[in-house]
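Open your viewer and get ready to click along. Each stop gives you something to select and then tells you what is there.

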Amino acid sequence: MTGNRPGRPARLSRERIVAAALDGGLAELTMRELAARLDVSHAALYRWVRDRDALMDLVSAAIVERIVPATEPTAATWREWLAALAWAMHDEFLAVPGFASHVARPHRHDPASFGLLRDRARAAFTAAGCSPAMAEQSWRIFGLGVVQWLGGAEAGLDLGPETSRFDLYLDVLLRGLPAREPAEHPRTQ
């Protein structure tokens with residue numbers, strides 16, 4: 001005998017887990033609720049995903065795969081490339097209730113998905129002519145700015161009677177990038 005026995009196909013997969021998590025939103029999602037969405041036992045789910053942090057890593061990886069543009073940024077396209085990335089972040093993060101707020105809060109980011117997003121954005125700033133140090137600083141400004149705007153939008157941050165416009169925010173952000181060394185300032189002396 002070879003040891004292979006016929007049996008039921010696996011009821012769970014990473015893809016099914018991520019789809020179920022994205023389907024109902026993440027804001028208040030518990031592992032028990034996710035197991036119920038998947039129609040599996042709580043114990044069965046824990047064999048695939050050890051805890052909520054691991055679940056968020058799976059979800060983050062799936063979303064980052066969706067948002068990172070397939071093309072490479074160039075000296076001629078870096079700003080449009082970053083705009084496409086930011087709009088994809090806007091659309092995907094806000095489509096999943098609780099995701100933008102989660103990403104905007106301080107927490108341990110999944111090294112693989114965060115690393116991919118960071119590396120690609122830094123490549124765009126490098127294509128714009130930045131040194132590695134300025135590409136890193138530009139990524140931090142871009143990443144933090146976009147994520148915090150989206151977290152605020154999802155949380156319903158009230159800044160007055162007018163609705164905040166992402167298109168205006170992004171335009172101002174991208175016109176100010178890439179980062180450059182500042183002129184002398186009393187605090188930098």
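The helices on this tour are DSSP runs (H or I, at least four residues; strands are E, at least two), numbered from the N terminus. This is a predicted model, in which local features need pLDDT of at least 70 and side-chain atom pairs count only at pLDDT 80 or more, while totals for chains, interfaces and linings use all residues. Residues are numbered from 1 along each chain as its sequence is written, and side-chain values use heavy atoms, with hydrogens and water left out.

**Stop 1: helix α8 and E136**

Select residues 132-155, which form helix α8. The expected span of a helix is 1.5 Å times one less than its number of residues. For the 24 residues of α8 that gives 34 Å, and the end C-alpha atoms are indeed 34 Å apart, so the two values agree. Just after α8 comes G156, with a positive phi near 75°.

Now pick E136, which sits in α8. Is E136 buried or exposed? Its relative accessible area is 12%, so E136 is buried; the cut-offs are under 20% for buried, over 50% for exposed and partly exposed in between (1.4 Å probe, protein chains only).

Show the side chains around E136. Polar contacts here are pairs of N or O atoms within 3.5 Å; within protein, one atom must be able to donate a hydrogen and the other to accept it, and residues adjacent in sequence count only if both atoms are side-chain atoms. The E136 side chain makes one such contact with the side chain of R122 at 2.9 Å and another with the side chain of R140 at 2.8 Å. If you ignore neighbours within four places in sequence, E136 is in contact (heavy atoms within 4.5 Å) with R118 and R122.

**Stop 2: salt bridges**

Keep E136 on screen and add R118, D119, R122 and R140: these five residues are linked in a network of salt bridges. A salt bridge here is a side-chain nitrogen of Lys or Arg within 4 Å of a carboxyl oxygen of Asp or Glu. By that rule the count comes to 11.

Next, select R108 and D57, a salt-bridged pair whose closest N and O atoms are 2.7 Å apart. R108 is in the loop between α6 (99-104) and α7 (111-127), and D57 is in helix α4, so this pair ties together parts that are 51 residues apart in sequence. R108 is partly exposed at 45% relative accessibility, whereas D57, at 14%, is buried.

**Stop 3: the nonpolar core**

Select L82, F93 and F142. Of the 58 residues in the largest nonpolar core, these three touch the most other members. Such a core is a set of buried Ala, Val, Leu, Ile, Met, Phe, Trp, Tyr and Cys residues joined through side-chain atoms within 4.5 Å. Which helix gives the most to this core? Helix α4 (residues 52-67) does, with nine residues.

Zoom in on F93. Apart from neighbours within four places in sequence, its contacts are I63, I67, A88, F99, A100, V103, V147, L150 and E154.

**Stop 4: the two sides of α9**

Select residues 166-176, helix α9. Its buried residues are F166, L170, L173 and L174. They cover an arc of only 90° around the axis, so they lie on the same side of α9; the arc is that of the directions from the helix axis to the C-beta atoms. Among the parts covering these buried residues are α5 (78-95) and α8.

Now rotate the helix. Away from the buried side, α9 shows the exposed residues V172 and R175. R175, at 55% relative accessible area, is exposed, and its side chain meets that of D171 in a salt bridge (2.8 Å, N to O). Both residues lie in α9, four residues apart, about one turn of the helix. D171 counts as partly exposed at 38%.

A further salt bridge joins the side chains of D167 and R165 (2.7 Å, N to O). D167 is partly exposed at 35% relative accessibility, and R165 is partly exposed at 45%.

**Stop 5: two backbone details**

Go to P178, in the segment after α9. The peptide bond from L177 to P178 is cis, with omega near 0°.

Finish at D39, in the loop between α2 (31-38) and α3 (42-48). Its phi is near 60°, a positive value in a residue other than glycine. D39 is exposed, with a relative accessible area of 56%.
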